[in-house]
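User: Please take a close look at one part of this structure. Then work outward from there in short steps.

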Amino acid sequence: MFSAHDRAEGAEYIRRVLKKNRIPGHFFLTGAFLRNPEFRKLIKDLKRDGHYIGSHSDQHLLYCDWTHRDSLLVSQEAFNTDLRASYQALATFGIRKAPWFLPPYEWYNQKIVDWCQEQGLHVINFTPGTGTNADYTWPGLPNYRSSDTLLVRLFRYDDQQSLKGAFLLIHPGTDPRRTDKFYHLLDSTILPTLRKRGYRFGRLPDQPFH
């Protein structure tokens with residue numbers, strides 16, 4: 001799955017790779033992204049290709065404190081207002097059924113899950129330990145991970161725990177200070193290797209897993 005808020009320099013490349021490999025993608029976009037005229041054609045193309053397009057909030061709010069996850073930084077009213085705006089943005093593209101929701105920063109707590117359920121939404125997130133979500137980092141950050149490092153970590157995870165049923169998160173747009181874009185490995189390495197290991201790529205169901 002892919003998430004975007006204000007960058008998407010690799011999105012068209014990703015779209016072409018998915019189309020070439022006949023793989024359904026899941027794109028979680030903020031309302032700000034959806035309203036950006038620069039991305040309008042891309043979103044229409046993704047929809048036409050049949051990919052899932054869902055909400056990643058409207059303004060990419062940070063819901064919880066980074067060090068005290070149980071400490072909410074938003075009220076339920078603010079959460080609902082932001083969420084409503086994001087679904088209004090989706091509706092402008094004719095997207096009215098998007099039950100899976102990826103919280104901004106992929107950082108949330110049980111209260112956020114409860115609030116989503118009240119809205120009829122199902123929270124989804126990347127599988128912890130797979131590591132691909134760190135592709136947003138760039139040299140100079142203490143948590144920077146090169147694309148080679150992320151690749152090694154991904155396949156080590158598969159060797160040790162299996163990627164069966166896993167959700168991998170890749171960002172179609174990252175800081176320009178990161179020159180080794182992880183998404184460029186999709187067609188050359190990631191997808192061929194996963195296929196050789198027997199994996200197939202499916203669509204999210206309309207209802208949550210049990």
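Analyst: Ile53 is buried in this predicted model. Its relative accessible area is 4%. The cut-off for buried is under 20%, so Ile53 falls in that class. The residue sits in strand β3, which runs over residues 52-55.

Now look at what surrounds Ile53. Set aside the neighbours within four places in sequence. Ile53 is then in contact with Phe27, Leu29, Ile43, Leu46, Lys47, Leu90, Ile95 and Ala98. Two of these partners, Phe27 and Leu29, belong to the range of β2, residues 26-29. Ile43, Leu46 and Lys47 fall within the range of α3, residues 40-48. Leu90 comes from helix α4, residues 76-91.

Take the β2 side of Ile53 next. Phe28 is 25 residues from Ile53 in sequence. In space, the two are 5.8 Å apart, C-alpha to C-alpha.

Phe27, Leu29 and Leu46 have a second role. Besides being contacts of Ile53, they help to line the largest cavity. The full lining is Ala4, Ala11, Phe27, Leu29, Phe33, Leu42, Leu46 and Pro172. β2 and α3 each supply at least two residues of that lining. By class, the lining has 8 nonpolar residues, no polar ones and no charged ones. The space inside is about 30 Å³. The structure holds 1 cavity of 30 Å³ or more.

Now follow the contact to Leu90. Leu90 lies in helix α4. It has a relative accessible area of 0%, so it is buried. Leaving out neighbours within four places in sequence, Leu90 is in contact with Leu34, Ile53, Gly54, Ser55, Ile95 and Ala98. Ile53, Gly54 and Ser55 fall in the range of β3, residues 52-55. Ile95 and Ala98 are on the contact lists of both Ile53 and Leu90. Each of these two buried residues thus touches the other and shares that pair of partners.

What separates Leu90 from Asp114 in space? The two are 24 residues apart along the chain, and their C-alpha atoms are 22 Å apart. Position 114 falls within α5, residues 110-118.

The loop just before α5 deserves a stop. It runs between β4 (100-101) and α5. Tyr105 lies there, and so does Glu106. Most residues other than glycine have a negative phi. Tyr105 has a positive phi, near 65°. Glu106 also has a positive phi, near 55°. Their exposure classes are not alike. Tyr105 counts as partly exposed, at 36% relative accessibility. Glu106 is buried, at 10%.

Go on toward the end of the chain. Thr179 is in the loop between α6 (147-161) and α7. Its relative accessible area is 70%, and the cut-off for exposed is over 50%, so Thr179 is exposed. Thr179 and Pro37 are 142 residues apart along the chain. Their C-alpha atoms are separated by 25 Å.

Beyond α7 (185-196) comes the segment that holds Tyr199. Tyr199 counts as buried, at 17% relative accessibility. Setting aside neighbours within four places in sequence, Tyr199 is in contact with Asp158, Ser162, Leu163, Lys164 and Leu194. Asp158 falls within the range of α6, residues 147-161. Leu194 falls within the range of α7. Lys164 is 35 residues from Tyr199 in sequence, yet 7.5 Å away in space, C-alpha to C-alpha.

Step back to the whole. The protein has 7 helices and 5 strands. Along the sequence they follow the pattern β-α-β-α-α-β-α-β-α-β-α-α. The radius of gyration is 17 Å, close to the 17 Å that the globule rule gives for 210 residues, so the protein is as compact as a globular protein of that length. The C-alpha trace spans about 45 × 40 × 40 Å along its principal axes.

Ile53 fits into a wider count. Of the 210 residues, 51% are buried. Among contacts with a separation of 6 or more, 77% are between residues 24 or more positions apart. The protein exposes about 10,900 Å², and carbon and sulfur atoms supply 50% of that area.

Terms used. Residues numbered from 1 in each chain as written. Predicted model: local features only at pLDDT ≥ 70, side-chain atom pairs only at ≥ 80, totals over all residues. Heavy atoms only, no water. 1 Å grid on protein atoms, 1.4 Å probe; cavity = no way out; pocket = protein on both sides within 12 Å on 5 of 7 lines; lining within 4 Å. Points joined across faces, edges and corners; volume = space filled by probe spheres on them. Helix = DSSP H or I, 4+ residues; strand = E, 2+ residues; numbered from the N terminus. Nonpolar A, V, L, I, M, F, W, Y, C, P; charged D, E, K, R; others polar. Buried < 20%, exposed > 50% of the residue type's maximum accessible area, 1.4 Å probe, protein only. Rg over C-alpha atoms; globule rule 2.2 N^0.38 Å. Contact = heavy atoms within 4.5 Å. Areas by Shrake-Rupley, 256 points an atom, 1.4 Å probe, with all protein chains shown as cover.
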